[in-house]
Amino acid sequence: MDSLNERYLTLVRKKENMKKLSCHCGEVEVEINLLEFEKFIRCNCSICKRKGSVMSMVKNENFKIIKGKDKLKIYQFNTKVAKHYFCSICGIYTHNNPRSNPKMTAFNIGCIDEVDTFSLKKIHIADGQNHPLDKK
Ligand SMILES: [Zn+2]
C-alpha cells in the first residue's frame, strides 16, 4: 500500500474511533478516541453507588474536552487523589480520574448518545468499597 492510501485509511479509522460524550445541557462536550469499549464498569464505592452510572475507561490522552472546560467542576473527598468531574450547570457526572490509576479517565457512558446503557451485558463491578490503596 502506498503511503498516501495509508494516510487516508488512518484518517478514516480515526474518525470512526471518535465517540462524542456530552453532559445533559450540552455545555460540556468531549471527544473520546477509542475503537471499542474495553469494558463496562460499575463501582460500589460511596460516590459511584450514589451516581449509579455505568463507566468505561481510556487513557487520559484519548479523552479530549472540546467544549465547556470552564463549566466543569471537580469534586474530591477522602484522600483527594481522584478527581470527579461534573457539569456545573446540569449537574451531570461526565468523567473522573480514578485514584487507582490517575493516568486513566473513567467516563459516564450514559453521556454518549449512541450507547444504550440498558442493553449492556457483562458489566464488571469494581469493588471500590474495598479500595486496593486502602489495604495495609
Ligand atoms: Zn451540562
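Let's start at a turn: strands E7 and E8 make a hairpin with five residues between them, and Gly-91 in that turn has a positive phi of about 80°. Keep in mind that this is a predicted model. The protein has two helices and ten strands, and buried residues make up 24% of its 136 residues. Here's a quick tour, beginning with the strands around that hairpin.

**Around strand E8**

- The E7 strand covers residues 83-87, and its pairing with E8 is antiparallel, with four bridges.
- To find a spot where the two line up, look for His-84, which sits opposite Asn-96 in E8.
- E8 is mostly covered, with four of its five residues buried.
- E8 itself spans residues 93-97, and two bridges link it to E9, with the two strands running antiparallel.
- Asn-96 turns up again here, this time opposite Ala-106 in E9.
- There's a hairpin on this side too: E8 and E9 form one, with six residues between them.

**Around strand E9**

- Is E9 enclosed or open? Strand E9 (residues 104-108) has four of its five residues buried, so the rest of the structure largely encloses it.
- E9 also pairs with strand E4 (residues 55-59), in the antiparallel sense and over five bridges.
- One place to see E9 matched up is Met-104, which has Lys-59 standing opposite.

**The three-stranded sheet**

- Which strands make up the open sheet, and in what order? Three of them do, running E1-E2-E5, with antiparallel pairing.
- At the edges you'll find strand E1 (18-22) and strand E5 (63-67), each pairing on one side only.
- Going from one strand to the next, the twist averages 30°.
- If you're wondering what holds such strands together, strands of a sheet pair through backbone hydrogen bonds, in either a parallel or an antiparallel way.
- E1 and strand E2 (residues 29-33) are joined by five bridges in the antiparallel sense.
- For a landmark in that pairing, take Leu-21, whose bridge partner in E2 is Val-30.

**A stop at Ile-47**

- Away from the strands, Ile-47 has its place in helix H2 (residues 46-51).
- Why does Ile-47 count as partly exposed? It has 15 C-beta neighbours inside 10 Å, and a residue needs 20 or more to be buried, while 12 or fewer would make it exposed.
- Ile-47 and Gln-129 are 82 residues apart along the chain, and their C-alpha atoms are separated by 9.8 Å.

**The whole chain**

- Reading from the N terminus, the elements go α-β-β-β-α-β-β-β-β-β-β-β.
- How much of the contact network reaches a long way along the sequence? Among contacts between residues at least 6 apart in sequence, 57% join residues at least 24 apart.

Technical notes: Residues are numbered from 1 along each chain as its sequence is written. This is a predicted model: local features need pLDDT of at least 70, side-chain atom pairs count only at pLDDT 80 or more; totals for chains, interfaces and linings use all residues. Two strands pair if DSSP finds at least two bridges between them. Axes are lines fitted to C-alpha atoms, for helices over the stretch in contact, and angles run from 0 to 180 degrees between N-to-C directions. Two residues are in contact if their C-beta atoms, placed from the backbone, lie within 7 Å.
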